[in-house]
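Student: I would like a close look at one part of this model, please. Could you pick a helix and walk me through what surrounds it?

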Amino acid sequence: MKSIEWLAGILEGEGTFSDVKSGSSGLYRTPLVALGMTDQDVVQEAAKICEVIGGRKIRVGRPLIKSGKISYTIYLTGLPAVRVMLAVLPYLGFRSTARIQAVLAAWNPKKYRQAVALKMELREQQSSFEE
């Protein structure tokens, strides 16, 4: 299996760090990590690493794109996405780091005690950097 550093490079170049509205009111923001490319072996390897880090089985989708090629995609949301973001964060450039920080700052976990605990830990880390 490839390394977290390798995953960081793939996500930096081809991936997306974002968030999506969730809940019926759309008041909650859920972190999202996505990767889409036509190289099946690369996406499958990235999915394996994300499964280990995120703790959830990742399904590789296969939509067709305009060129007629198959684009292989993975999506992680919620706590698994946060775990992947935190794992790759030390290896990313300025723009991706800033994007992840913005996503995590807007994240408002609504369900899971574990997610709420992680959010509190993130707030404590941010305040220690600001001091």
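**A close look at helix α3**

Tutor: Helix α3 lies across β1, β2 and β3, and runs at about 65 degrees to β2. Keep in mind as we go that this is a predicted model.

Let's begin with the surface beneath the helix. The three strands form an open sheet in the order β1-β2-β3, with antiparallel pairing. At the edges are β1 (15-22) and β3 (72-77), each of which pairs on one side only. From one strand to the next, the twist averages 25 degrees. If you would like to trace one pairing yourself, take β2 (residues 28-37) and β3, which are joined in the antiparallel sense over 6 bridges. A good place to look is alanine 34, whose bridge partner in β3 is tyrosine 75.

Now back to the helix. Of the 11 residues of α3, 8 are buried, so the helix is largely enclosed by the rest of the structure. You can find the buried ones on your screen: Gly78, Leu79, Pro80, Ala81, Val82, Val84, Met85 and Val88.

What packs against α3 besides the sheet? One neighbour is helix α1 (residues 4-14), whose axis comes within 9 Å of the axis of α3 (residues 78-88) and crosses it at roughly 105 degrees. That angle makes α1 roughly perpendicular to α3. On the α1 side the contact is made by Ile4, Leu7, Ala8 and Leu11, and on the α3 side by Val84, Ala87 and Val88. Sorted by class, this contact has 7 nonpolar residues, no polar ones and no charged ones.

Another neighbour is helix α2, which packs with α3 at an angle of about 105 degrees, the axes being 8 Å apart. These two helices are therefore roughly perpendicular to each other. Here α2 contributes Cys50, Ile53 and Gly54, while α3 contributes Pro80, Arg83, Val84 and Ala87. The residues of this contact divide into 5 nonpolar, 1 polar and 1 charged. Notice that Val84 takes part in the contact with α1 and also in the contact with α2.

Val84 turns up again when we look at the interior. The largest nonpolar core has 31 residues, and Val84 is among those with the most contacts inside it, along with Leu7, Leu11, Phe17, Val33, Leu35, Ile74. At least two residues of this core come from each of α1, β2, α2 (40-54), β3, α3 and α4. The largest share, 7 residues, is supplied by α2.

Phenylalanine 17 is a good residue to follow next. Leaving out residues up to four places away in sequence, phenylalanine 17 touches Met85 and Val88, and its other contacts include Leu11, Val33, Arg99 and Val103. Both Met85 and Val88 are on the list of buried residues of α3.

Finally, glance at the other helix that lies over the sheet. Helix α4 (residues 94-106) lies across β1 and β2, running at about 15 degrees to β1. Within β1 you will find aspartate 19, which is buried with a relative accessible area of 14%. Beyond its neighbours within four places in sequence, aspartate 19 is in contact with several residues, including Arg99, Val103 and Ala106. Aspartate 19 and leucine 104 are 85 residues apart in sequence, but 8.8 Å apart in space, C-alpha to C-alpha.

Key:
Residues are numbered from 1 along each chain as its sequence is written. This is a predicted model: local features need pLDDT of at least 70, side-chain atom pairs count only at pLDDT 80 or more; totals for chains, interfaces and linings use all residues. Side-chain values use heavy atoms; hydrogens and water are left out. Axes are lines fitted to C-alpha atoms, for helices over the stretch in contact, and angles run from 0 to 180 degrees between N-to-C directions. Helices (H or I, at least four residues) and strands (E, at least two) are DSSP runs, numbered from the N terminus. Angles under 35 degrees count as roughly parallel, over 145 as roughly antiparallel, 65 to 115 as roughly perpendicular and the rest as oblique. Contact means heavy atoms within 4.5 Å. Ala, Val, Leu, Ile, Met, Phe, Trp, Tyr, Cys and Pro count as nonpolar, Asp, Glu, Lys and Arg as charged, and the others, Gly among them, as polar. Two strands pair if DSSP finds at least two bridges between them. Buried means under 20% relative accessible area, exposed over 50%, partly exposed in between (1.4 Å probe, protein chains only). A nonpolar core is a set of buried Ala, Val, Leu, Ile, Met, Phe, Trp, Tyr and Cys residues joined through side-chain atoms within 4.5 Å.
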